[in-house]
Amino acid sequence: MNKQRVLISAFLCAFLALNPPITSFGEESDPSGAVRVEYDDLRTLLKEGNLTLKKTIADQEDTINAYQEMWDTMKWEQDNMEDKAEDLSNENGETSAVYSSNASMLKASASRIYNQIKNLTDEKSARTIEKSADSYTYTAQTLMNSYNQMAQNRYAAEKNVQALEASYQALVRKSTAGSATQAQVLSEKSSLDIARNSLESLREQERELRFRLLTMLGLEDREDVVIGAIPAPDMEAIAAIDFESDKQKAVGNDSNVQNERHTRAYSTADINRRFKQVGEAEGTVEASIQYAYQELESRVIQYQAALESYESALLIYQSLQRKQAAGLLSNTEYLEGEAAYAQKQAAKETASMNLVQAYESYCWEVKGVN
């Protein structure tokens, strides 16, 4: 009996370790009072905030607790019956036998309940919940990445609009003074209108992505909720990838491959059909991870090119700042230079986030989440 209690406690501890109780993590704030959403915390935030995922975890825990209560009750009654049977064994054998019979019945029922708890807390069951968390995390990562990319490009667009507004106003003044034509003014106004429309589109998309991400996390879209940045790509981890090993892991972790491998086959035709279906499923996974790896390699090249371009732009921008501080530039010239730098910065950050997303996608492929 004690051994069974120890086993069940161990199973429960293992399950709860994989599925920690809901806490107030999502409501924690930084010293400024803002609630922060960080990339590395998405999985935890989902488990405590996403209604569907929370229900899945809570239902599992409620079922385990219910079975545990039934098991405790039956074991207590079993012990009670055994004690009474022993007490009456010398005085009233017939009544003692009744108690012994009931104790055996309770023991058998408790054993079945124990098996139910074991099934609910075994590795496979816990892994099923973690698979759901994996899918939600992958989606949240993608949304957060897209939101940050939109925010970066919106900022660059704002700088471009500021530069175009300054240029347009300068042309209006020149036109008034007779040193610029009306056609030049109209052309600049058209460019400004296009830039403003583009900026508004980026703002709208940024708001939409923010709302979708926070809704998925179970957070209100309030001003004091801050979405953090996407971490820089881990170039060492990317360089350390062993593709052939990862390909085998991806095949082994894929649910379709697992299902085909475990399909029962009774006849020669069934066996041949199963081999064919397994081969097709494995081929699909191999092609998918091959594509993910090629996409990752492409994103590495793009990131390196964007980084080099940004570093050159940074030197130019720093020189621009020195000239502006020395009074050697007009406001329009400075804003145009600042806008050009912001565009290169946005391109670098976008390439960085695309690389992070490509690496995450590759890792999820290896884990069988696709």
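**Exercise 1. Determine the order of helices and strands along the chain, and state how far the model can be trusted.**

*Solution.* Step 1. From the N terminus on, the elements run α-β-α-α-α-α-α-β-α-α-α-α-α. Helices (H or I, at least four residues) and strands (E, at least two) are DSSP runs, numbered from the N terminus.

Step 2. The totals for the chain are 11 helices and 2 strands.

Step 3. The model is predicted: local features need pLDDT of at least 70, side-chain atom pairs count only at pLDDT 80 or more, and totals for chains, interfaces and linings use all residues. Residues are numbered from 1 along each chain as its sequence is written, and side-chain values use heavy atoms, with hydrogens and water left out.

Step 4. The average pLDDT (the predictor's confidence in each residue, from 0 to 100) of the chain is 84, and 85% of the residues score at least 70. Over residues 1-29, pLDDT stays under 50; the model has 57 contacts beyond four places in sequence for this segment, where contact means heavy atoms within 4.5 Å.

Step 5. Among contacts between residues at least 6 apart in sequence, 79% join residues at least 24 apart.

**Exercise 2. Identify the residues that touch the most other members of the largest nonpolar core, and the elements that supply this core.**

*Solution.* Step 1. A nonpolar core is a set of buried Ala, Val, Leu, Ile, Met, Phe, Trp, Tyr and Cys residues joined through side-chain atoms within 4.5 Å. Buried means under 20% relative accessible area, exposed over 50%, and partly exposed in between (1.4 Å probe, protein chains only). Of the 370 residues of the chain, 36% count as buried.

Step 2. The largest core has 37 residues, of which Val37, Leu42, Met144, Leu213 and Leu217 touch the most other members. At least two residues each come from β1 (35-37), α2 (42-49), α3 (51-87), α5 (123-177), α6 (182-217), β2 (225-227) and α11 (331-367). Helix α5 gives the largest share, 12 residues.

Step 3. Not counting residues up to four places away in sequence, Leu42 touches Val37, Ala140, Gln141, Met144 and Leu217. A second, separate core of 19 residues includes Ile238, Phe243, Val257 and Val366.

Step 4. In α2, the buried residues are Leu42, Leu45, Leu46, Lys47, Glu48 and Gly49. Because 6 of its 8 residues are buried, α2 is largely enclosed by the rest of the structure.

**Exercise 3. Classify the ring pairs that Tyr341 forms with Tyr310 and Tyr317, and state which parts they tie together.**

*Solution.* Step 1. Rings of Phe, Tyr and Trp (its six-membered ring) pair if their centres lie within 6.5 Å; planes under 30 degrees apart count as stacked, over 60 as edge-to-face and the rest as tilted. The structure holds 5 aromatic pairs.

Step 2. Tyr310 and Tyr341 are 5.8 Å apart centre to centre with 35° between the planes, and the pair is tilted. Tyr310 lies in helix α10 (residues 268-325) and Tyr341 in helix α11, so this pair ties together parts that are 31 residues apart in sequence.

Step 3. The centres of the Tyr317 and Tyr341 rings are 4.2 Å apart and their planes are at 5°, so this pair is stacked. Tyr317 lies in α10 and Tyr341 in α11, so the parts tied together are 24 residues apart in sequence.

Step 4. Tyr310 and Tyr341 are both buried, and Tyr317 is buried too. Elsewhere, Phe243, Tyr293 and Tyr362 form one aromatic cluster.

**Exercise 4. Locate the lysines that sit over aromatic rings.**

*Solution.* Step 1. A charge sits over a ring if NZ of Lys or CZ of Arg is within 6 Å of the ring centre and within 35 degrees of the ring normal.

Step 2. Lys348 lies over the face of Tyr310, 4.5 Å from the ring centre. The charged end of Lys367 sits over the ring of Trp364, 4.8 Å from its centre.

**Exercise 5. Describe the surroundings of Ser167 and Lys247.**

*Solution.* Step 1. Ser167 is in helix α5 and is buried, with a relative accessible area of 13%.

Step 2. The Ser167 side chain makes a polar contact (N or O atoms within 3.5 Å; within protein, one must be able to donate a hydrogen and the other to accept it, and residues adjacent in sequence count only if both atoms are side-chain atoms) with the side chain of Glu188, at 2.8 Å. Leaving aside neighbours within four places in sequence, Ser167 is in contact with Glu188, Thr332 and Glu336.

Step 3. Lys247, in helix α8 (residues 243-253), is buried at 16% relative accessible area. Not counting residues up to four places away in sequence, Lys247 touches Glu286 and Ile289.
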